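Okay, thanks for having me, everyone. Let me put the structure up on the screen, and then I'll walk you through it piece by piece.

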Amino acid sequence: MSAGWLLRVPCRGLDGFTVTEEEWNTGADLKRLCGPQLGTCGPCPSRAECIATVKPSQARFDGIAGGRLWCNGEVIDALDDVFEEELTEPKLRASCGTEAGAQDHKRHGERPCPSCRQAAREMDARRKEAKAREPKQLQLDFAST
Ligand code: SF4
Ligand SMILES: [Zn+2]
């Protein structure tokens, strides 16, 4: 595979853009270990190629690619000047207006669209309602003693 763009990227020869499984557990670990390298992507002319190659979302990638810090394929941190067109992965995604749609927006490093935000809010409200309806077993036990 020809990847001439790799010769011009600022991270060439540098370490710390990804981690081995043993090195981390949480997003906070990734931020501590890889976060300091995020600035390297600032002047990179190849963020889109980087994302197209790494396919961080599909690969559930952990580490830095394309000016973003990814955790299990979701963006957990990003440079201020990233833009959506850099996310070049083919979009196999849930329809908008669903909770899964809202999650897919997040996975692709986007802010959920209004209909997905609405769906996520409704789902959240339904969960809260269902939780409020759960029998209060502990209280009943106390009441019967
Ligand atoms: S965008 Fe990708 S290729 Fe460019 S510096 Fe960042 S990690 Fe390296
Ligand atoms: Zn949407």
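Let's start with Arg60, which is partly exposed, at a relative accessible area of 43%. By that I mean the class between buried, under 20% relative accessible area, and exposed, over 50%, with a 1.4 Å probe and protein chains only. Before I go on, the housekeeping: this is a predicted model, so local features need pLDDT of at least 70 and side-chain atom pairs count only at pLDDT 80 or more, while totals for chains, interfaces and linings use all residues. Residues are numbered from 1 along each chain as its sequence is written, chains are lettered from A and ligands numbered from 1 in the order in which they are written, and side-chain values use heavy atoms, with hydrogens and water left out.

Back to Arg60. You'll find this arginine in the loop between helix 2 and strand 1. Its phi is positive, near 50 degrees, and this is a residue other than glycine. That loop also holds Lys55, again not a glycine, with a positive phi of about 45 degrees. Lys55 counts as partly exposed, at 33% relative accessibility.

Now, the overall layout. What is the order of elements from the N terminus on? It goes α-α-β-β-β-α-α-α, so to speak five helices and three strands. Helices here are DSSP runs of H or I with at least four residues, strands are runs of E with at least two, and both are numbered from the N terminus. Of the 145 residues in the chain, 32% are buried. As for contacts, meaning heavy atoms within 4.5 Å, take the ones with a separation of 6 or more: residues 24 or more positions apart account for 46% of them.

On to the strands. Strand 1, residues 63-65, pairs with strand 2 in the antiparallel sense over three bridges; pairing needs at least two bridges found by DSSP. Those strands form a hairpin with two residues between them, and Gly66 in the turn has a positive phi of about 60 degrees. Strand 2 is also joined to strand 3, residues 74-78, by four bridges, and that pair runs antiparallel. This hairpin has two residues between the strands too, and here Asn72 takes a positive phi near 55 degrees.

Keep an eye on Arg68 in strand 2. Arg68 is the bridge partner of Ala65, and it stands opposite Ala78 in strand 3. Which way do the strand 2 side chains go? Arg68 and Trp70 point one way, Leu69 and Cys71 the other, and all are buried.

Leu69 and Cys71 take us to the largest nonpolar core, which has eleven residues: those two, plus Phe17, Val19, Trp24, Leu30, Cys34, Leu38, Cys41, Ile64 and Leu79. A nonpolar core here is a set of buried Ala, Val, Leu, Ile, Met, Phe, Trp, Tyr and Cys residues joined through side-chain atoms within 4.5 Å. Helix 1 (27-34) and strand 2 (68-71) are the elements that give two or more residues to this core. Apart from it lies another core, of nine residues, including Trp5, Ile51, Phe61 and Leu87.

Trp24 is worth a click. Leave aside its neighbours within four places in sequence, and Trp24 is in contact with Val19, Asp29, Leu30, Leu33, Asp62 and Cys71.

Helix 1 also carries Lys31, which is partly exposed at 41% relative accessible area. With neighbours within four places set aside, Lys31 is in contact with Pro36, Leu69, Ile76 and Asp77. Lys31 and Ile76 are 45 residues apart along the chain, and their C-alpha atoms are separated by 8.3 Å.

Last stop, the metal. What coordinates the zinc ion (ligand 2)? Cys96 (SG), His105 (NE2), Cys113 (SG) and Cys116 (SG) do, at 2.1 to 2.3 Å. Donors are N, O and S atoms within 2.8 Å of the metal, or 3.2 Å for Na, K and Ca; water is not among the atoms, so sites may look incomplete. Along the chain, the donors follow the spacing C-x8-H-x7-C-x2-C. The arrangement is tetrahedral because the four donor atoms subtend angles of 107 to 112 degrees, and the cut-off for four donors is all angles between 85 and 135 degrees. His105 is buried, at 8% relative accessible area, while Cys96 is partly exposed at 46%.

And the disulfides? The structure holds zero, counting a pair of cysteine sulfur atoms within 2.5 Å as one.

Key. Four donors count as tetrahedral if all angles lie between 85 and 135 degrees; four count as square planar and six as octahedral if opposite donors are over 155 degrees apart and all others between 65 and 115; anything else is irregular.
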